[in-house]
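Have the sequence and the model open side by side, and work through the exercises below at your own pace. Each one sets a task and then walks through a solution.

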Amino acid sequence: MSTPNRESIAPPGNPAVTGGPAAAAEFAGDDEVERGSRLDEVGARMLSTPRRRLAWYWGAPLVVALLAGILRIWNLGHPHALVFDETFYVKDAWTLLSNGYESAWPENSDEAFNRGETSGFLDDPSYVVHPPLGKWLIALGMAVFGAGDSFGWRISTAIVGTLAVAVLMLIARKLFASTLLAVLAGFLLAIDGHAIVMSRVAVLDNSVMLFALLGFGCVLLDRERHQRVLGERLRDARAAGDDPSWGPVLWWRPWVLAAGLCFGLASSVKWSGLYFLAAFGLYLVVVDALARRRLGVPLWTSAAVLKQGPATFLVFVPPALAVYLASWTNWFVSDNSYYRHWADQASNAWTGAFAWVPSTWQSFLHYQQSIYDFHVGLKAPHPYSAEPVSWLAMTRPTSMWYASPGAGTEGCIAEPCSQAITSIANPLIWWAAAAALFYLVYRLARYREWKVGLILMGTVAGYLPWLLYTERTVFQFYTIVFLPYLLLGLVFALRVLLGSANDERWRRRRGIGLIVVFVVAAAALTAFWYPLWSATTVPYWFWMLHSWLPTWV
């Protein structure tokens, strides 16, 4: 509704009306400025009843989640061939389900597996360098649809990717107190190509992303509860005549416990989940220290590090460790697991002060040491390896599948044709999110906003540790674990651009217009790129249209 003319509602004799033009202009002041936009007015009318608000609150996120599911599950079984690292994880998952441990396969067994000959595994154990949980998740789909169905190989990963969209919307709504911004965050993740590809290929990183995101959400929920409970305890102590110099220890922090469990699940898929456990363990200590300072605790640093810190550690880390060990249950109970009897050989068994450690645990710890040595020493050349420093620029996305079907086959009308699965993000979304990351660093330095700090911590946990491995073979697709936090940062920046309904009309219209243009352009790019994310048959010239950089081929 437009603002009525001020003079029409001024009472008789008001100096703003009777004192001449200058007085009238002074009276009008800023109140004469039109605010908001007609879209705000329409939105207010549409959400004018509780039922409509409830429909928007749950209906809009549900539509986005359904869109995410469609983009991830449509034609999921194509190609009916092991794609990229599926050669490891799908076959490992099937032998976990069949033998109870990851088993070896004869050389060049992929073609036979693709043909449905899935019983060719050996009794010998296979040396694997990732914990079992992610492969158990893949195995769930194979248990339902069978090992010969490529849809079954990938359905668990597709469900994980769809759930991640829903979880991100819940987190964004809690963080920004806005269903609109939550829907925007979920929509961007739903249509992003990197997220789509990593949900359509049976690899492990999508599961790391989901469990880490759940842990992030738990940390967000703990922050609010922690500050409230800490304030109540301090007020009660001061009301009783005490003046605590350190403040209380808070042992019951259910969301910290839940976060530890979630980060433990992430670490039980890939060790990169440990980065989130370490980063948010540090974050919890810092947040506690700042909360105590705000509440007037004199020795707030010492209290956070020496008093609350150990308690937080015990609530946070042991549950994560317990989950990690539980994920290896089949290794302990299967007599034929890799390195299961390593310490039973006299030349391998520990001696001296640690000779009392049971041989099973000696073998297990030796296996973990071997896994660590493998990861830090991995320097195998690969045509699609990408230095971590280049990830934000997205200069070398990972090509996971490429084929050239002949004319008259698989939808190819006239040669040459292409089928591709390229794990490349929606370029507009990715580069905008990368730019927003630097804006968030500026906001944190200038305004010390806790929301910005929390979002950046997610990015720090998922990205910065990889910068230490400059010579290790790594890939652009590892960025999936911190993609949700880049998108939260992007939505934060878009929120600043969007403004509010109280802004001047021209500013609000400009903000809405820019956001609409951005979203429409991002959706158009998704339509343009989706064939290359889903192995859809396209003319070769169309595939080449996507080679915006020479390193993208």
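**Exercise 1. Find N75 and describe its backbone and its surroundings.**

Step 1: N75 is found in the loop between α5 and α6; helices (H or I, at least four residues) and strands (E, at least two) are DSSP runs, numbered from the N terminus. Step 2: The phi of N75 is near 55 degrees, a positive value in a residue other than glycine. Step 3: N75 is partly exposed, with a relative accessible area of 37%. On this scale, buried means under 20% relative accessible area, exposed means over 50%, and partly exposed lies in between (1.4 Å probe, protein chains only).

Before going on, note that this is a predicted model, in which local features need pLDDT of at least 70 and side-chain atom pairs count only at pLDDT 80 or more, while totals for chains, interfaces and linings use all residues. Residues are numbered from 1 along each chain as its sequence is written, and side-chain values use heavy atoms, with hydrogens and water left out.

**Exercise 2. Which part of the model has a pLDDT below 50?**

Step 1: Begin with the average: the protein has a mean pLDDT of 93, and 94% of the residues score at least 70. Here pLDDT is the predictor's confidence in each residue, from 0 to 100. Step 2: Over residues 1–29 the pLDDT is below 50, and beyond near neighbours in sequence this stretch has 18 contacts in the model. A contact means heavy atoms within 4.5 Å.

**Exercise 3. Describe the loop proline P79 and the loop residues P416 and E410.**

Step 1: P79 sits in the loop between α5 (50–73) and α6, and the peptide bond leading to P79 from H78 is cis, with omega near 0 degrees. Step 2: P416 belongs to the loop between β1 and β2 (417–423). The bond from E415 to P416 is cis, again with omega near 0 degrees. Step 3: E410 also lies in the loop between β1 and β2, and E410 has a positive phi of about 50 degrees although it is not a glycine.

**Exercise 4. Is helix α6 mostly covered or mostly open, and what does it pack against?**

Step 1: Helix α6 spans residues 86–99, 14 residues in total, and runs 19 Å from its first C-alpha to its last. That is close to the 20 Å expected at 1.5 Å a residue, where the expected span is 1.5 Å times one less than the number of residues. Step 2: The helix is mostly covered, with ten of its 14 residues buried; among them are Y89, V90, W94 and L96. Step 3: The buried residues of α6 pack against α7 (110–114), α8 (133–145) and α9 (150–176). Step 4: Just after α6, G100 takes a positive phi of about 90 degrees.

**Exercise 5. Which salt bridges join α6 to other helices, and how accessible are their partners?**

Step 1: A salt bridge is a side-chain nitrogen of Lys or Arg within 4 Å of a carboxyl oxygen of Asp or Glu. A search of the whole structure finds 14 of these. Step 2: R154 and E86 form one at 2.8 Å, N to O. This pair links helix α9 (R154) with helix α6 (E86), 68 residues apart. R154 counts as buried at 1% relative accessibility, and E86 is buried at 0%. Step 3: K91 and D110 meet at 2.7 Å, N to O. Here K91 in helix α6 is joined to D110 in helix α7, 19 residues apart. K91 is buried at 7%, whereas D110 is partly exposed at 24%.

**Exercise 6. Where does the salt bridge between K379 and E471 lie?**

Step 1: The two side chains meet at 3.3 Å, N to O. Step 2: K379 lies in the loop between α17 and β1, and E471 in the loop between α19 (450–463) and α20 (483–498), so the pair ties together parts that are 92 residues apart in sequence. Step 3: K379 is exposed at 51%, and E471 is exposed at 58%.

**Exercise 7. What does the side chain of R396 reach?**

Step 1: R396 lies in the loop between α17 (359–376) and β1 (398–403). Step 2: R396 is buried yet has no salt bridge; E387, the nearest side chain of opposite charge, is 11 Å away. Lys and Arg count as positive and Asp and Glu as negative, while His and the chain ends are not counted. Step 3: The side chain of R396 reaches the backbone oxygen of T551 at 2.5 Å, and a polar atom of that side chain lies 2.8 Å from the backbone oxygen of P383.

Definitions and conventions. A polar contact is a pair of N or O atoms within 3.5 Å; within protein, one must be able to donate a hydrogen and the other to accept it, and residues adjacent in sequence count only if both atoms are side-chain atoms.
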